[in-house]
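Okay, thanks everyone. I'd like to walk you through the charged side chains in this one, so let's put it up on the screen.

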Amino acid sequence: AERAMGITIPADLRDLWSWSDGVSFPESGIVIYATADLAERNATYEIRDYAPDLLLVGDNSGGTGFLVRIAADDGGVVAI
């Protein structure tokens, strides 16, 4: 994913994906994407054009995306 997108993924997300390559919580609809889906999802939603310092990492299956700052390891998540 990092090579395909030309970015460095924050360490906390790399740790998460080392345990599970994608996570789904069916009761809430929240999904953290698998690494193989990151480049496609970020391209589809034009994240580089509209929020170049953010990385789309998941959604709530209802129109809200969850994003993190590419250059920060602060653990913060933005919901848009």
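Let me start with a question: which residue lies over the face of Tyr33? It's Arg41, sitting 4.6 Å from the ring centre. Keep in mind that this is a predicted model.

Now, Arg41 has another partner. Its side chain meets that of Glu40 in a salt bridge, at 3.2 Å from N to O. How open are these two? Arg41 is partly exposed, at 27% relative accessible area, and Glu40 is partly exposed as well, at 43%.

So how many salt bridges do we get in total? The count is three. Let's go through the others.

Towards the start of the chain, Glu2 pairs with Arg14, and the closest N and O atoms are 3.6 Å apart. This pair links distant parts of the chain, with Glu2 in helix 1 and Arg14 in helix 2, 12 residues apart. Glu2 comes out partly exposed at 24%, and Arg14 is partly exposed too, with 45% relative accessibility.

Then there's Asp53 with Arg69, a salt bridge at 2.8 Å, N to O. Asp53 is in the loop between helix 4 and strand 3, while Arg69 is in strand 4, so the pair ties together parts that are 16 residues apart in sequence. Again we have partly exposed residues here: 41% for Asp53 and 40% for Arg69.

And what about aromatic pairs? The structure holds zero of them. For Tyr33, then, what I can show you is Arg41 over the ring face.

Terms used. Residues are numbered from 1 along each chain as its sequence is written. This is a predicted model: local features need pLDDT of at least 70, side-chain atom pairs count only at pLDDT 80 or more; totals for chains, interfaces and linings use all residues. Side-chain values use heavy atoms; hydrogens and water are left out. Rings of Phe, Tyr and Trp (its six-membered ring) pair if their centres lie within 6.5 Å; planes under 30 degrees apart count as stacked, over 60 as edge-to-face and the rest as tilted. A charge sits over a ring if NZ of Lys or CZ of Arg is within 6 Å of the ring centre and within 35 degrees of the ring normal. A salt bridge is a side-chain nitrogen of Lys or Arg within 4 Å of a carboxyl oxygen of Asp or Glu. Helices (H or I, at least four residues) and strands (E, at least two) are DSSP runs, numbered from the N terminus. Buried means under 20% relative accessible area, exposed over 50%, partly exposed in between (1.4 Å probe, protein chains only).
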